[in-house]
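Open the structure in your viewer and get your selection tool ready. We will go stop by stop.

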Amino acid sequence: MEKGTRAPIVTVLGHVDHGKTTLLDAIRKTSVALKEAGGITQSTGASVVTTKEGKKITFIDTPGHAAFSEMRSRGAKVADIAILVVSADDGVKPQTKEALELIKEAQIPVIVAITKIDLPSADIEGAKGQLEKEGLLFESRGGDTPVVSVSAKEGKGIDELLETINLVAEVHEIKGAPNGNLEAVVIESSKDIKGAFANVVVRNGTLKAGEVIQVENVKSKVRALFNNEGKSVREILPGEPAQIIGFEEIPPVGTRLTKEGVGPTSFAPTKNGGKKLGKIKEGEIAVVIKARSVGSLEALLGSLPPSIVVIDSGVGGVIGSDVLAAKSSNAWIFAFEAGVSANVAKLAKTEGVHIEKFEVIYKLLERLGELLNKGQVEILGKAEILAVFPFNNKKVAGCKVFEGKISKNDNIIITRGEKEIGMAKAVSMKRQKNELTEAKAGEEFGVIFEPRLDFEIGDVLVSVRR
Ligand code: GDP
């Protein structure tokens with residue numbers, strides 16, 4: 001590897017069922033590294049693949065834009081390159097457009113992977129034409145977006161895709177110095193018998209076992225460090241994923257890790273207006289606030305009642321990642337003298353996120369007061385998970401509705417006893433082979449969530465509307 005270059009960190013986005021997971025699996029299968037390790041890898045939330053030329057590429061394991069947006073929700077840069085997966089037999093779909101918008105906001109290069117080219121109904125040129133209408137200009141037409149046609153099923157085009165990633169990484173001079181300032185980003189975090197852990201990717205510097213690191217404003221010691229093969233290691237170099245154990249509390253996804261005393265001042269200020277992030281308690285309302293100027297944002301943040309929890313705030317119009325951040329925290333978006341484009345309004349509508357615009361602070365405060373008095377969550381239905389089974393590399397929950405109804409695209413909170421496991425969208429609902437739009441009390445159905453959550457039998461789905 002050339003001096004200063006590191007493995008590019010790559011994320012896969014695109015519409016549901018267009019083949020993201022299958023593509024990632026096919027890529028991992030061709031990897032020399034995996035074969036050498038006997039196919040057993042530790043889950044660090046990312047996979048390192050070695051190409052035929054001996055170059056390494058790090059893929060973030062969870063595809064889809066909900067995960068991507070969560071990783072970026074605290075302002076951190078995670079991936080260097082995005083692969084936009086578009087099925088040759090289905091073309092551009094709503095989530096393709098959303099993914100494109102997110103990629104644009106993240107300002108990272110995109111490579112288009114046209115998938116499922118083995119299908120008789122595949123129309124590669126048709127899919128490309130639709131993407132051009134969305135503003136992409138392909139290399140073959142004098143633009144700078146590479147496009148690769150693949151069949152993950154037949155293993156076709158995978159090597160070309162990997163080569164293209166390496167070329168893009170070279171052109172964009174993706175760099176990381178082992179002796180530079182440590183910068184790592186949390187891509188997954190949870191708690192198990194070893195305690196709180198975080199899966200991270202190191203973007204710069206070297207992460208060392210035993211070292212004290214800074215997680216936002218909290219210091220923490222790296223008690224143990226595991227690499228992608230599940231081995232306990234002394235250090236992790238730039239471009240590599242790792243699992244860190246040693247946190248007092250679970251660091252949220254998207255958190256940046258730096259060396260003690262170095263961060264986070266070396267980064268952009270945290271965007272949450274200084275309020276504590278975390279679980280929203282009963283009687284509290286989560287909000288994302290956007291304002292036209294720093295001055296008005298500060299004024300607004302300073303006058304909010306204590307039961308308003310600002311999960312994110314910033315200057316400028318409402319953008320797609322605000323919508324997805326709001327969605328993942330079940331928050332409202334308040335735009336104060338700030339614009340909302342038609343595309344963003346549409347995204348908010350499909351994601352079930354409320355955006356309200358205000359030109360006067362007291363009107364906004366009045367509205368918050370109203371919401372606080374009334375309580376904002378309406379429960380549409382509840383279902384219990386009776387079975388869990390795999391389907392196309394995904395986990396399906398077999399459920400039975402016991403209250404109200406559950407509909408496709410509902411925002412679902414998964415609970416286990418008193419605990420909340422997480423929030424996701426019901427992206428696909430089926431009974432036997434039939435796609436459902438809703439299931440009523442007493443009815444059974446199978447459901448796939450995005451993002452994926454670690455649910456189990458006995459967990460309860462609660463469908464909520466704010
Ligand atoms: P995701 O939702 O984008 O992660 O999509 P999946 O990877 O789960 O794929 C959705 C469906 O498309 C599954 O039934 C896959 O078997 C199928 N699929 C994925 N890639 C290919 C491909 O290259 N060729 C064919 N024929 N089917 C594919």
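Which residues in the largest nonpolar core touch the most other members? Select Leu23, Phe59, Ile83, Leu161 and Ile165. These five touch the most other members of a core of 24 residues. Keep in mind that this is a predicted model.

**Stop 1: the largest core**

Now colour the elements that build this core. Strand E1 (9-14), helix H1 (20-30), strand E3 (56-60), E4, strand E5 (110-115) and helix H6 (158-171) each supply at least two of its residues. Which element gives the largest share? Pick H6, which supplies six residues.

Next, zoom in on Phe59. Look past its neighbours within four places in sequence. Phe59 is in contact with Val10, Leu24 and Ile27. Gly45, Ala46, Ser47 and Val49 also touch Phe59. Leu162 and Ile165 complete the list of its contacts.

There is another core, apart from this one. Select Ala79, Val86, Ile108 and Leu136, which are among its 22 residues.

**Stop 2: strand E4**

Select E4. Is this strand enclosed or open to the outside? Seven of its seven residues are buried, so E4 is largely enclosed by the rest of the structure. Turn the view to check both faces. On one side sit Ile81, Ile83, Val85 and Ser87. On the other side are Ala82, Leu84 and Val86. Both faces are covered.

Now show the strands paired with E4. E1 and E4 run parallel, joined by five bridges. Click Val12 to find one pairing: its bridge partner in E4 is Ile83. Ile83 is also one of the five residues that you selected at the start.

Move on to E5. Six bridges join E4 to E5, and these strands run parallel too. Click Ser87, whose bridge partner in E5 is Thr115. Then trace the chain from E4 to E5. The path goes through helix H4 (residues 94-106). This β-α-β crossover is right-handed.

**Stop 3: salt bridges**

How many salt bridges does a search of the whole structure find? The search finds 27. We will visit some of them.

Select Asp80 and Arg203. Their closest N and O atoms are 3.1 Å apart, and the two form a salt bridge. Asp80 lies in the loop between helix H3 (65-72) and strand E4 (81-87), while Arg203 is in strand E8 (residues 195-204), so the pair ties together parts that are 123 residues apart in sequence. Both Asp80 and Arg203 are buried. Add Arg6 and Glu183 to the selection. Together with Asp80 and Arg203, they are linked in a network of salt bridges.

Next, go to Lys259 and Glu211. Their side chains meet in a salt bridge, with 3.3 Å from N to O. Lys259 lies in strand E15 (residues 256-259) and Glu211 in the loop between strand E9 (207-208) and strand E10 (212-215), so this pair ties together parts that are 48 residues apart in sequence. Show the surface here. Lys259 has 28% relative accessibility, so it counts as partly exposed. Glu211 has 15%, so it counts as buried.

Finish with Lys327 and Glu351. Their salt bridge spans 3.0 Å from N to O. Lys327 sits in helix H8 (residues 320-328) and Glu351 in helix H9 (residues 342-351), 24 residues apart. Both Lys327 and Glu351 are buried.

Key:
Residues are numbered from 1 along each chain as its sequence is written. This is a predicted model: local features need pLDDT of at least 70, side-chain atom pairs count only at pLDDT 80 or more; totals for chains, interfaces and linings use all residues. Side-chain values use heavy atoms; hydrogens and water are left out. A salt bridge is a side-chain nitrogen of Lys or Arg within 4 Å of a carboxyl oxygen of Asp or Glu. Helices (H or I, at least four residues) and strands (E, at least two) are DSSP runs, numbered from the N terminus. Buried means under 20% relative accessible area, exposed over 50%, partly exposed in between (1.4 Å probe, protein chains only). A nonpolar core is a set of buried Ala, Val, Leu, Ile, Met, Phe, Trp, Tyr and Cys residues joined through side-chain atoms within 4.5 Å. Contact means heavy atoms within 4.5 Å. Two strands pair if DSSP finds at least two bridges between them. A crossover is right-handed if, with the strands pointing away from the viewer, the path from the first strand over the helix to the second runs clockwise.
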